[in-house]
Amino acid sequence: MRSSWKDIRSKKTQFFFILLLAVCVLLCGCTQTEHRPDKVKVSIVDSLFFTASVPTGEVEPGEDFKTELFLRTGYEFVSCDYKEYATETKDGKTVLTLKNVSRPSRVTVECQKSKVSNAVNIDLKCTIKYIFNGGTDREGAEERTVDYALTKHLRPNTINGADVERKGYVLTGWNTRADGEGEHIGLGSRVTVGDGEEATLYAEWEQSIGESQLLYKELENDKIALTGYRGKGDIQPFVIPAEIDGMKVAEISSSFTTNMPCGTLSSKTLVLPNTIERVKGNSFLHSSFSELYFSDNIEEIDEKAFPYNIETFHINAVRKPCFQAVNSNTIFSDNMDRLILNADKKKLIFFSGCSFAYGLNSHAVNDVYGDDYVVFNMGVNGDINAAFQMDIMVNYIGKDDVFVHAPEEMSPSQLMFGYFVNNIMFIMVEGNYDLLSLADFSDNGGVIRAFFDYIELKDEMEPCDYNDGRYEDYNIYGDYTYERPYDESTETERDVTYSDNAYCYAPELLTESGIEKLVGYYDAIRAKGGKVYLSYAPVNISARGGTEMEEKGREFAEKFESMLSVYGYEFISDVEDYMFLGRYFYDSDYHLNDLGAALRTERLISDLQAAGV
């Protein structure tokens, strides 16, 4: 049926009406778009150094964008790449405000290791009066008073008394009592004196063997060598005189104990005066000395001078120190100063080698545990005899102390696979030789050789002063503080080895005898009321390709844990948690950089908390 003209006109009218309505709607919509501004999107670039409470968001053009940055412990905000911003730190949070946001922005925030003051607030002023107790110095004085104003050490070093003499006696140290029944302090070693206080120390003398009991021959320059002994063999202590007939006793000849009427010397203690330069081989062949006093100016002690290992060494200082200003290992004596001074307080002690020195943020530990414990980082050097260090530390560990041990997985010393000593051990105690006397060396015959290796190094050094120290590189806890920054922009490039693939887990170093000796120290700590917790040292799993490091690590952990569990000791950590990518290391496959140390500390705190600490 065909439409009429009227119908067609009606449809046209409807069409134009609909078209007009559509145009109006369209125009209306355009008008609304022009007057409703789009919101501006802002995003904060992800980072390992913080977490943003609002990582992304939208604001009206011209408005501010705010977010809270929860910074990783030990780090602080530096800047961001947005033109106009402000920050406010409150209650441990950093509020970042991006002002007048007018365009979409992707903002990168820069953080750095917190600038914690490394200055050690030591302002120790004290006085020591030295009473020569029957002796005099070369000017005839019977006492001397010395004022101390130290800035590098918590305990002052005593004078060495090299110019103090008493006929027929040898000066062996200082004592807190005139009768010698108080605390013994070696010459040049450290003593505890309260700030602003005055202490009195008395010369500690031992009577020397009578001249009539000794045979000798003259050497040049008014010196003599002792060639034989004709007295009793049970004199305790056995004290070599400093002079005979006005001549200095400089040498003990190899014939000294040959053909003695007494047959053998049964004395426990041998005292050598500071005049002795040389002790020849076999000189004390017929003896059973286990304790030796000598001075650090001695030039030679033949390793074959004694038939048995010396158990206890007492070194008196005659020479000035040489390593206090330049060698980081000397920080051990300063760490021990804090341990000694806090012996009666609850302590949280971390021990290993340099993997702790580089790999612990003690400030973060102190934030968590500082109200209950004094925090110590006793990790110095993993190549040093750990038995020697633990012998010393155990003396100052007491009830309710917490001892955290994370033995380095490739350290024979830390795993008690071997008890070798070297010259660094003596550098560690140069600031306080008395520490050496706390160690038991009865199972180690290399101590004398190591001492003279140390003296050889000392001869090449310029003398310094006991007032020198290493706190420019270490903080008061014992952490190594030299900046080791983490670079997010090159992180994947740093997933490599820093030790030429040499460092790895070494389960072959875990032996029954080594574990037994290690457990002996743990038991000693427990016997004193302390608690022992075991963790793992960090290892770079980027050092070798594939899964070799992980497999070796699990093998090491399984063996270590099973061997210790027999003695009732369990690990609080999983070995996998302490396997880190190369990006977290600094200059070796066990020295963590700043971020690596922060991550390791977080995991360690978590492990301790889970263990109930």
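This is a short walk through two pockets and one sheet of the structure above.

Hi everyone, and one reminder before we start: what you see is a predicted model.

Let's begin with the pockets. The largest one holds about 790 Å³ of space. Its lining is made of 38 residues, and E165, A242, E243, N274 and T275 are the ones nearest the centre. Which elements give two or more residues to that lining? They are strand 13 (164-165), strand 14 (169-175), strand 21 (247-252) and strand 24 (291-295). Strand 14 provides the largest share, with 4 residues. If you sort the lining by class, you get 18 nonpolar, 10 polar and 10 charged residues.

Now the second largest pocket, with a volume of about 490 Å³. Here 29 residues form the lining, and K113, S114, V116, H363 and T481 sit closest to the centre. At least two lining residues each come from strand 9 (109-113), helix 4 (362-369) and helix 10 (594-610). The class count for this pocket is 10 nonpolar, 10 polar and 9 charged.

On to the sheet, then. Please find the open sheet of 4 strands, ordered 2-4-7-6 and paired antiparallel. Strand 2 (50-52) and strand 6 (85-90) are at the edges with a single partner strand each, so each has one side without a neighbour in the sheet. On average, neighbouring strands here are turned by 25° against each other, ignoring direction.

Let's zoom in on one pair. Strand 4 (residues 63-71) and strand 7 (residues 93-101) run antiparallel and are joined by 6 bridges. And which residue of strand 7 is the bridge partner of F65? That would be L98. Thanks for listening!

Terms used:
Residues numbered from 1 in each chain as written. Predicted model: local features only at pLDDT ≥ 70, side-chain atom pairs only at ≥ 80, totals over all residues. Heavy atoms only, no water. 1 Å grid on protein atoms, 1.4 Å probe; cavity = no way out; pocket = protein on both sides within 12 Å on 5 of 7 lines; lining within 4 Å. Points joined across faces, edges and corners; volume = space filled by probe spheres on them. Nonpolar A, V, L, I, M, F, W, Y, C, P; charged D, E, K, R; others polar. Pairing = 2+ DSSP bridges. Axes fitted to C-alpha atoms, helices over the stretch in contact; angles between N-to-C directions.
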